[in-house]
Amino acid sequence: MDWEIKNVTVVSPQQVESKASIFIKGHKIAAVGRHIKIDEEVISIDCNGLLAFPGFINCHDHLLGTYWPRVGDRRPYLNWLEWDNDLKSSPLYTERQQIDSQDLYQMGGYRHLLCGVTSVQDHIPHFVRELFGKEVPIRIISKYGLAHSVTSFALNWGEGIEKEHNLAKENNIPFITHCSEGFDEETIRSVETLHRRGALSKQTVLIHGIAFSDSDIDLLAEYGCHVVWCPVSNLYMFSRTAPVKKLLEKNVNVVLGTDSPMSGSINLFEELRVAQAYFAQAYGQKLSEKTLLQMVTTQAARAMCLHELGEIAENKWADIVLIDGDPKDPYQAFANMDYEHIRLVVLNGRPKYASEEFIQVFEAMKIPYQKILVAGHRKIVDGDILGLLARVRKAVKFHKILDFLPVEPW
Ligand SMILES: [Zn+2]
């Protein structure tokens, strides 16, 4: 499918270009700019100056854990294991267990799609994702080496730290693990352990890092590692989060992750706001909106070794989010966005979700859609989100309200 998005303000962390067009050919962006030439008859959509961002990339979640509300009666915890024990013995976990795992995955996908997230890193062994992640409406990043975490009580994920890290290096994919998520003796030595085992490199992506020491940060900077910051989840479980200012000062690549809603944020919007509010409160300085944008676009693509993503540029994959906001301050519009502002989400060159003014576009492209209200705003979505919610409610036997899916029929 070839088509054109016309009259948008294209925003990247580096620059803003108004009155631009984006020409989409198949799943890629064929051209972008003010004076592009298209030599064929294509569907052309005038978007009246809406802001165009690359599809957002969420670098940490567990889609199987897409449920609500958060669990944790004995906070702050010593490490993830204490929390996990509380989770597994909670009535909410029993409730969640009644739901089909494929449906939990789909809910995770829609949770993100409604926020303009088009790619998510689902931290889980590959066979689980391959089994349950088939019908998810966004991209699940599937090429990575992994460990669960770096202690003797880590879950038995992957083939072992050395082997998984080597595999990542050979294939230029990320090696991803939880790291320094807690304060017990082994957890606080996680970076030292990875260093000793030869698993620090440009492929290494460390999730959380709340117990990073200054010498840990020096090692991460030296080896060019990446850190996934999940402020909502960390502050909820541990009342503490990663030393993000020091990481940024040492030029460690910091990207953002929502984690699952059973410990983390409801959605990307909350994660962005908490990240900025935490930074202001902890350091008395502003974390700029541009830096935040990098954390979910260009820098996230770099951490995930997905160089086809993170930018609206020629030959990149056509993942695009159109947002309603002031073109004079597009970065502020990004940081303040909410469900109402997300106007169109395109994944792999195909519209997936939009506000009602795009109905004719879906019809012209013959994309089936469902009409829904999202937080009271009229939207259309590709796929059966209402059927999904009905199945979930049937499974738990009551009208479950999920704050991360504020969806009703329209
Ligand atoms: Zn996690």
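## Helix H8 and the two domains

Helix H8 is followed by Ser-239, a residue with a positive phi, near 55°. The structure is a predicted model, and the protein in it is divided into domain 1 (2-55 + 307-409) and domain 2 (57-303). This briefing considers helix H8 and then the contact between the domains.

**Helix H8**

- Helix H8 spans residues 231-238, and 7 of these 8 residues are buried, so the helix is largely enclosed by the rest of the structure.
- A residue counts as buried if 20 or more other C-beta atoms lie within 10 Å of its own.
- The buried residues of H8 are Pro-231, Val-232, Ser-233, Asn-234, Tyr-236, Met-237 and Phe-238.
- Their cover includes two helices, H1 (80-88) and H10 (268-283), together with two strands, E11 (204-208) and E12 (226-229).

**The two domains**

- Domain 1 is written as two stretches, 2-55 and 307-409, whereas domain 2 is given as 57-303.
- Between the C-alpha centres of domain 1 and domain 2 there is a distance of 26 Å.
- In the contact between the domains, 34 residues belong to domain 1 and 35 residues to domain 2.

**The side of domain 1 that touches domain 2**

- At least two residues of this side come from each of helix H13 (330-336), strand E15 (342-347), strand E16 (350-355) and helix H15 (385-396).
- Helix H15 gives the most to this side, namely 6 residues.
- By residue class, this side of domain 1 consists of 22 nonpolar, 5 polar and 7 charged residues.

Note on methods: Residues numbered from 1 in each chain as written. Predicted model: local features only at pLDDT ≥ 70, side-chain atom pairs only at ≥ 80, totals over all residues. Domains from an automatic or database assignment. Contact = placed C-beta atoms within 7 Å. Helix = DSSP H or I, 4+ residues; strand = E, 2+ residues; numbered from the N terminus. Nonpolar A, V, L, I, M, F, W, Y, C, P; charged D, E, K, R; others polar. Buried ≥ 20, exposed ≤ 12 C-beta atoms within 10 Å, placed from the backbone.
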